[in-house]
Amino acid sequence: MHSITSILPKIISVSSHPSLKPPLRDTLTSIEKSSHQMRRILSRAVRTTSQDTSAFLNLTLKSKAYGKSAVQYMSTSCDTICRPCRLNGRISCQSHRTLKGDELLLSSPALSHQMLSDVIKGKALACRVPNFISDEKAQLVAYRLMKNLPYEYYSYAEGSVGRIGFSFSEANSNEDREKYYEQATVSMRIIRETCGDIESPMDRVRIALQDAWKYGANLEMLDEGRKMFAGLCRVIEANKEIHPHQDMVWWYDGFSKKSQEILNQLAMNVYIKVPEEGGELEMWNWGFENQELYEKNAEGSYGIKKSKLPPPDLTIKPNVGDLILFNPGNLHCIRTGSGQRFTVSSFIGYRGEDKPLSYWS
Ligand SMILES: O=C(O)CCC(=O)C(=O)O
């Protein structure tokens, strides 16, 4: 945990609130930083502050770069770091494990508001819609995409994890972000056209979300007016795995204020090719509370070594055509498989029960 004095001088222009007592007040300095840096530091600080610090900041913080969102965040301090708190405070804890057995995985023939909401709120770890796409259509789509659209490996997973489409998490510079937006709608159109007379899996998900969620669902625009890409096609080669990791946009996006508005995030995958043996999705009923702790445990590599973790709480063996959604703020990983594994994936953003969902890759 950071102390008040170690965080604030680094990040904030603060107004002196009457409740502030010297010498604390004296430590608060106004340091001008570029807005990018400022947001990065601030968003990290927000998630690593103790409850006292959070309450304190709530009274005092006024960040030029971050504006209203920062103050809004500050008001979400919690008494305990636990799953229900994550919705507001966006943190989870290892000691608070409440789900067992059947509660872990919901299954239904169609997506529903209730099912999505249950996973978002941590009442279930994941949900599955079996046969979201028929086996036959999934196989054909997998064949057409693989045959016509060459995939590239992620830089951190050369020879093991490939993808068609550019992922937002990789767009870490202004230049890359520009490239990401330029390609976004073009890539979606190319994927759609390559699927030919079969509806592209992402388009099907878009409609299913639109119908299921009371307030509908839209393509995310973390940068105002700029449509994001959704429907990344991910290939995992035989005998390769993805180590336990967490995906939260507010961890890796220090650029846009809007990513900090997202209260919770789901990951969705449509499985269009799965290996006969292996390829399971494994999930833990918790995640690291903050990015610093996560990165410390990841030791500079992508993901955490499984040997450092207790056994997973849930193992799902996906079938061809399944749609599976889960909270990627929980640690999750993919086991090695006997053959190639091919999915169409996106994230889903939640801003509240009475707000539209959003999606992006
Ligand atoms: O392919 C899967 O089963 C899960 C992929 C994953 O790690 C994710 O969507 O965050």
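Me: What makes a residue of this predicted model count as buried?

Reply: A residue is buried if 20 or more other C-beta atoms lie within 10 Å of its own. In helix H7 (residues 113-120), the residues that meet this definition are Met115, Leu116, Val119 and Ile120.

Me: How do you know on which side of H7 these buried residues lie?

Reply: They cover an arc of only 135 degrees around the axis, and therefore they lie on the same side of H7. As a general point, an α-helix has 3.6 residues a turn, so residues three or four places apart point the same way.

Me: What covers the buried residues of H7?

Reply: The cover includes strands S1 (105-107), S2 (126-129), S8, S11 (323-326) and S13, together with helix H10 (201-212). After H7 comes Gly122, with a positive phi near 80 degrees.

Me: Why is Tyr143 called partly exposed?

Reply: A residue is exposed with 12 or fewer C-beta neighbours within 10 Å and buried with 20 or more. Tyr143 has 13 inside 10 Å, and therefore counts as partly exposed. Tyr143 belongs to helix H8 (residues 135-148). Its C-alpha atom is separated by 9.3 Å from that of Ile272, although the two residues are 129 apart along the chain.

Me: What makes S8 a mostly covered strand?

Reply: Of its 10 residues, 10 are buried.

Me: How do you know that S8 pairs with S13 and with S11?

Reply: Pairing requires at least two bridges between the strands. S8 and S13 have nine, in the antiparallel sense, and S8 and S11 have four, also antiparallel. Met268 has a bridge partner in each neighbour: Ser346 in S13 and Leu325 in S11.

Me: Which members of the largest nonpolar core touch the most other members?

Reply: Among its 76 residues, these are Val119, Ala126, Leu209, Leu266, Leu325 and Phe326. Leaving aside neighbours within four places in sequence, Phe326 is in contact with Val119, Leu125, Ala126, Leu266, Ala267, Met283 and His332. In soluble globular proteins, nonpolar side chains tend to be buried together.

Me: Which residues surround the ligand, and what is their character?

Reply: The ligand is surrounded by Ile242, Asp247, Ala267, Asn269, Leu281, Pro328, His332, Ile334, Thr343 and Ser345. Strands S8 (264-273), S12 (332-334) and S13 (341-350) each give two or more residues to this shell. By character, the shell residues divide into five nonpolar, four polar and one charged.

Terms used
Residues numbered from 1 in each chain as written. Predicted model: local features only at pLDDT ≥ 70, side-chain atom pairs only at ≥ 80, totals over all residues. Near = placed C-beta within 6 Å. Nonpolar A, V, L, I, M, F, W, Y, C, P; charged D, E, K, R; others polar. Arc of directions from axis to C-beta. Contact = placed C-beta atoms within 7 Å. Core = buried A, V, L, I, M, F, W, Y, C linked by C-beta atoms within 7 Å.
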